[in-house]
Amino acid sequence: MQQKPEAQGSLLAGEARGLRPLYPSPCSRECPLGTNVKAYVSLIAAGRFAEALALVRLTNPFPGVCGRVCPHPCEAACLRSEVEEPVSIAGLKRFLADYELRRGIIPRLAGASPGRPESGGRRVAIVGAGPAGLTCASDLAREGYAVRVFEALPVAGGMLAVGIPAYRLPKDILSIEIEAIKAQGVEIALSTPVGRGTALSTLVAEYDAVFLASGAQALRKLGIPGERQIRQGMISWADLLREVSLGRGETPGAVAGRSLAVVGGGNTAVDAARAALRAGARKVTILYRRGRGEMTAFPQEVASAEEEGVELVLLCSPVRLVSDRGRLTGVECARMKLGEPDASGRPSPVALADSEFIIPCDAIIPAVGQELDPSVLEGTSDVRLTEGNLIQADPLTMATSRAGVFAGGDAVTGPASVVEAIAAGHRAAGSIHRFLTGASPAGASSSLEETTIELPIAAKRARVRPAKLPASVRRTSFEEIEQVFTPAQAVAEAERCLRCGPCWECATCVGVCDKKQVMLIPGSATPRLLRVTPELHRALAAGGGAPASWKGEASEGTAFTVSVDERLCRGCGLCEELCAYHAVRVTYRREGFFSAAVDADACRGCGCCVSVCPTGAMDQGYFTDHRLAGQIRSGEVAVFSCYWNPALRSASESLPDELVRVMCAGRISAGQLLKAFERGAKGILVLGCSEQDCHYGFGHRQAEANLRKLGQLMELLGLERERLAMIRAGAQGQAQAGEFRRRVEMLESEGGNR
Ligand code: FAD
């Protein structure tokens, strides 16, 4: 069942292990679908386009559509805008969908899951083949239900097919994405209206559940004097947009040569105006009663309309239609000012006294609101409507007042957006599934932990902008305006992503990152990312404990000093903060990126910076991670010791022969210790130094902090905490020899008892 990812259950089976997801990155939080933006953008940056698209499709069956028309609230939340401009997230999504198509690949969604007993031959009817209905159908088909969609029009897609014009959303993109849904086994009955055709009560009787997703296409009138007298010149936006989309009908011809006024400030008004211009209208003027900032149409679409020649008259509201024997000759308007906020939260328009004036025109398109076409409920009295003539549905379960009938999308919310309709389709599918399987209704929301997100240091790097058709060409053409990114542009744009926010254990990084993986320790005030190996990820995903096998290769180290892999460093500055010798500096390295650099003369080789590096970008001369891991012996207690530990000299005979020596106990990160368990270590003993003996002055604190983290991690992984011990040895090492022996023996027996 497709759900918002935060509820999906991580690929690491984290929920079963008590891992709790933190709030995801700001972009994902704002997406109504909770799409894992950071992950798919990272995959694009790595040139792994097919995987990125598969990830998008986990939550969105319409990437090609949303890449073009989504209002992209993700971009409004993108922290890159604090550096210069947000990442072009929608453009990248569009790139993925188009890249696949250009290579002739037929999009595929996950197919029906045979053998799911709970769906057991149950049938679901869906009314309306818009994004809400089709998404719900796709999810239910995947669960194994038999789904039939009833669509009044001769085409599927709802407002995507007959509302949003082709210059913003080419129809072949839509049909390809709908075909992928049909290929899942969804049956779509076109030209089959419910209400005036098949009665809703028949569907209720014949199907196990019904989802009403019939949108909000009934047009609102202007409600001003003179309206009823108009017999010539009143044009419906729905007719105009539907007919230009389907390429048939008389309305486009009826606007040709006209001077047209379009009333409204939403996307519908702006698209109607632009489509009329393309259909040959002589002059097109949008009349809107509030200011530009209050228009609900997307600002870039308003700007494009103006570029194309649409005139915008703001703070102006029609008060009367003027006609001559039924023929419209003009609109009388009043000038407005902005007053107190109204119920919508926007400033209310207030008419200025004696400000009326006439705008001459011979056609008008009212685009001032939409509501449910109630014909869908004809013959049914038990589905309640709201005061605004929309279907009343429980916001959580989407259940209507009639048992077994659910509703969502514009039919419930009024005109909204594609991505919200898709989200409603997912929620409805979840509710229907629960209703049919007798499961308890969904909880209000999953409890997520709030966390602060640090903005990584990043240099300015301009947003990549794809080419656009010039306005002069656009005026007369329905050809798509905005061009798609080239692969190189897409990678460059994806590289701008700051990857901010904590991960949510989706394990996508396993695929993105060639060498290192990250893992979150939840519950800590400042979540830390630790490196773990692919083997561990896989073992966790499979539900097992840490794997015994590990195939590390020792790499050649040349010095004690720390080296930085610039490709992995994200310039977070933790290393610089920790280094007591001021040997690490985060500096500008290459276009758009800062990276840590180590001053070899100043570096004392303790390696503590290595242990705090969240991305595994730092490694240390002779003490590389691979070398350390290569010293772990399966079935034995791994004893890590600081190279300078005084006990090494005074109590060496009581220590095991195979010590893993490091420059400082603080250098051993929790991830490295975890690796020792992966390699089959029975237990781990860390020999640190006391505060007075610490060669570096701060290593003992770092060692303790790392062990605390490892303890938390072990609990989450189901490893006994008793398998981990630390002793801080001082110069009086001889006296502690017995203690070393006792601890090692204890760890050996703990490990043996597992
Ligand atoms: P719809 O898309 O309206 O689909 C409902 C379907 O139900 C239709 O196919 C309809 O024919 C069918 N139906 C209705 N009654 C019956 C019946 N009785 N029996 C059977 N079938 C029936 N959103 C964006 O995110 N970005 C944009 O750029 C954008 N631009 C827009 C431009 C215009 C001109 C319009 C009109 C809308 C725009 N929107 C945009 C809004 C977006 O298209 C809608 O919010 C979204 O399509 C709603 O999806 P839905 O599935 O709820 O309903």
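**A buried helix residue, the ligand shell and model confidence**

In this predicted model, Asn-706 is placed in helix α26, which spans residues 699-717. Because its relative accessibility is 1%, and buried means under 20%, Asn-706 counts as a buried residue. When residues up to four places away in sequence are set aside, Asn-706 touches Ser-611, Gly-666, Ile-668, Ser-669 and Ala-670.

The ligand is surrounded by 37 residues, and the closest of these are Val-69, Glu-151, Arg-168, Val-194 and Gln-217. Sorted by class, this shell consists of 21 nonpolar residues, twelve polar residues and four charged residues. Several polar backbone atoms of the protein can be placed with respect to the ligand. For Val-69, which is also listed among the closest residues, a backbone N or O atom lies 2.7 Å from a nitrogen atom of the ligand. A polar backbone atom of Met-159 is found 2.9 Å from an oxygen atom of the ligand, and for Ala-416 the distance between a polar backbone atom and a ligand oxygen atom is 3.4 Å. Taken alone, the ligand would expose 1,000 Å², of which the protein buries 97%. The elements that contribute two or more residues to the shell around the ligand are α7 (131-142), α11 (237-246), α13 (267-278) and α16 (418-437). Of the elements, α13 supplies the largest share, which amounts to three residues.

Helix α11, one of the elements that give two or more residues to the shell, can be described further at both of its ends and along its length. At the N-terminal end, Ser-236 acts as a cap, with a side-chain oxygen 3.2 Å from the backbone nitrogen of Ala-238. Within the helix, Trp-237, Ala-238, Leu-240, Leu-241, Glu-243 and Ser-245 are buried, so that Ala-238 appears both in this buried group and in the capping contact with Ser-236. After α11 comes Gly-247, which has a positive phi near 75 degrees.

Confidence in the prediction varies along the chain. The protein has an average pLDDT of 81, and 81% of the residues score at least 70. Over residues 444-452, however, the pLDDT is below 50, and this stretch makes 17 contacts in the model beyond its near neighbours in sequence. Residues 503-537 likewise have a pLDDT that stays under 50, although the model gives them 115 contacts beyond four places in sequence. Where pLDDT is low, the predicted coordinates should not be read in detail.

Terms used: Residues numbered from 1 in each chain as written. Predicted model: local features only at pLDDT ≥ 70, side-chain atom pairs only at ≥ 80, totals over all residues. Heavy atoms only, no water. Near = heavy atom within 4 Å. Polar contact = N/O pair within 3.5 Å; in protein donor to acceptor, adjacent residues only side chain to side chain. Areas by Shrake-Rupley, 256 points an atom, 1.4 Å probe, with all protein chains shown as cover. Helix = DSSP H or I, 4+ residues; strand = E, 2+ residues; numbered from the N terminus. Nonpolar A, V, L, I, M, F, W, Y, C, P; charged D, E, K, R; others polar. pLDDT = per-residue confidence, 0-100. Contact = heavy atoms within 4.5 Å. Buried < 20%, exposed > 50% of the residue type's maximum accessible area, 1.4 Å probe, protein only.
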